[in-house]
Amino acid sequence: MLPEPFPMFSALDHQYMAQALRLARRGLYTTTPNPRVGCVLVKEGRVVGEGWHEKAGRPHAEIHALQDAGESARGAVAYVSLEPCSHHGRTPPCTEALIAAGVARVVAAMEDPNPRVAGQGLDRLREAGIETALGLMEEESRELNIGFHSRMTRQRPWLRLKVAASLDGKTALNNGQSQWITGPEARRDAHGWRARSCAVLTGIGTVRDDDPRLTAREVSTSRQPLRVVVDSRLETPLNARLLEDGGVLIACAVEDARRAEALRQRGAEVVLIPNVAGKVDLPGLMEELARRGINEVLAEAGFKLNGSLLREGCVDELLIYQAPILIGDQARGMFDLPELQQLSGKRELDIRDLRKVGRDLRFLARFRTHPSI
């Protein structure tokens, strides 16, 4: 049986959990497909150990913190931003390490949504006589690992749709030219969102018009996201720049052995995921990405694919950079969506974050009808 989800926590409890979450953010770009987790060990009002999960296959946050604390871990309180694991994966269970180290109490921000854990870690600790508490700064922990939670609970990644637009809501000229609508600060900021994503998704139209690389270059990261191209008819040019760096998945809807082999020779992986209309099955593609351990997807596409992703229910969040410029009514819009006849058909959003980035505005918004993760 789980402990009470919201026990009374002190100001110091909040302070140490906030520190654990700050540590967890150090793995923002590197932990995929694992969650970002931090751990702080406190004894007699003093931090004696801390750690964070850096990369899949390496020790978890709790192990780093226990190694940092040494013998001081005995009798300490462990603040962990996610329930300690209780199963053997690439690394041994963290619960057993905490028990062996003799910690007195474990405070977890939230239960691990992985069905292989899902409360069993805290159960194991209590069976060993260790006091546990759950629910401290749960929302912050959930937001930090929203893609991991999505994959574990919905079997699909969290898709964040990024748009760079003018003040009048245009993303490109009618001839396809779109570089650059927003300023250098906004583009640099967007590279941070690329770096934290497990995959960046675009369409064949963007590949042809802009020839992007879709790598994270403006931030320091040791890992690049998988680049995913929605290309129904396998029209990706063999000299496209995104093929130069490896790590490319091309989703198509037609079987063309010659074109597919040519793209494989350029280092791309080709997967066939058609729908009944002869296009790429976008929800099916999301499921395929989840099977590959993809937690967060950043879509950087044109207005046609943007509209398709919205219509087919694949979008969880909008990341919109809006520049203080006007392009005109004939330019391309943000989303290719059918005309509404009644305003009752509008889709409402909640602005989660609004800030100025250079001369541009950045909105982070979610649909009001979006199911909670």
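This is a guided walk through the chain, from its overall build to a few strands and single residues.

Let us begin with the whole. The model is a predicted one, so please read every value below as computed from it. The chain contains 11 helices and 16 strands. With a radius of gyration of 23 Å, against the 21 Å that the globule rule gives for 373 residues, the chain is as compact as a globular protein of that length. If you turn the C-alpha trace onto its principal axes, you will find spans of about 65 × 45 × 35 Å.

How much of the chain is buried? Of the 373 residues, 53% fall in the buried class. The contacts tell us about the fold from another side: among those with a separation of 6 or more, 71% link residues 24 or more positions apart. Turning to the surface, the chain exposes about 17,400 Å², and carbon and sulfur atoms supply 49% of that area. The charges are worth a glance too, with 51 positive and 49 negative ones whose mean positions lie 4 Å apart.

Now let us step inside, taking strand β4 as our entry point. This strand covers residues 105-108. Its side chains alternate: Arg105 and Val107 point one way, while Val106 and Ala108 point the other way. Are these residues buried or exposed? All of them are buried, Arg105 included. Strand β4 also has partners. One is strand β3 (residues 77-80), which pairs with β4 in the parallel sense over 4 bridges. Another is strand β5 (residues 131-134), again parallel and again joined to β4 by 4 bridges. Ala108 is a handy residue for seeing both pairings, as its bridge partner in β3 is Val80 and its bridge partner in β5 is Leu134.

From there, move along the chain to strand β6, residues 158-166. Here 8 of the 9 residues are buried, so the strand is largely enclosed by the rest of the structure. Which strands pair with β6? One is strand β12 (residues 296-299), parallel to β6 over 4 bridges, and you can locate this pairing through Trp158, whose bridge partner in β12 is Glu296. Another is strand β13 (residues 317-323), which also runs parallel to β6, here over 7 bridges. To find that pairing, look for Arg160, which stands opposite Glu317 in β13.

Just ahead of β6 there is a backbone detail to pause on. Gln155 sits in the loop between α6 (146-154) and β6. Its phi is near 55 degrees, a positive value in a residue other than glycine. The relative accessible area of Gln155 is 47%, so this residue is partly exposed. A second residue with positive phi is Glu44, at about 55 degrees, and it is not a glycine either. Glu44 belongs to the loop between β1 and β2 (46-52). With a relative accessibility of 79%, Glu44 counts as exposed.

Another loop, the one between α1 (11-25) and β1 (38-43), holds Pro33. What kind of peptide bond joins Thr32 and Pro33? The bond is cis, with omega at about 5 degrees. Pro33 counts as partly exposed, at 26% relative accessibility. Which residues does Pro33 touch, once its neighbours within four places in sequence are set aside? They are Ala56, Phe148, Arg151, Gly293 and Asn295. The loop thus offers a good view of how distant parts of the sequence come together: the C-alpha atoms of Pro33 and Ala290 are 9.7 Å apart, although 257 residues separate the two along the chain.

Our last stop is Thr206, which lies in helix α8 (residues 204-210). At 14% relative accessibility this threonine counts as buried, the cut-off being 20%. Apart from neighbours within four places in sequence, Thr206 has contacts with Asp211 and Pro212, and also with Glu300, Ala301 and Gly302.

Conventions:
Residues numbered from 1 in each chain as written. Predicted model: local features only at pLDDT ≥ 70, side-chain atom pairs only at ≥ 80, totals over all residues. Heavy atoms only, no water. Helix = DSSP H or I, 4+ residues; strand = E, 2+ residues; numbered from the N terminus. Rg over C-alpha atoms; globule rule 2.2 N^0.38 Å. Buried < 20%, exposed > 50% of the residue type's maximum accessible area, 1.4 Å probe, protein only. Contact = heavy atoms within 4.5 Å. Areas by Shrake-Rupley, 256 points an atom, 1.4 Å probe, with all protein chains shown as cover. Lys, Arg positive; Asp, Glu negative; His and termini not counted. Charge placed at Lys NZ, Arg CZ, Asp CG, Glu CD. Pairing = 2+ DSSP bridges.
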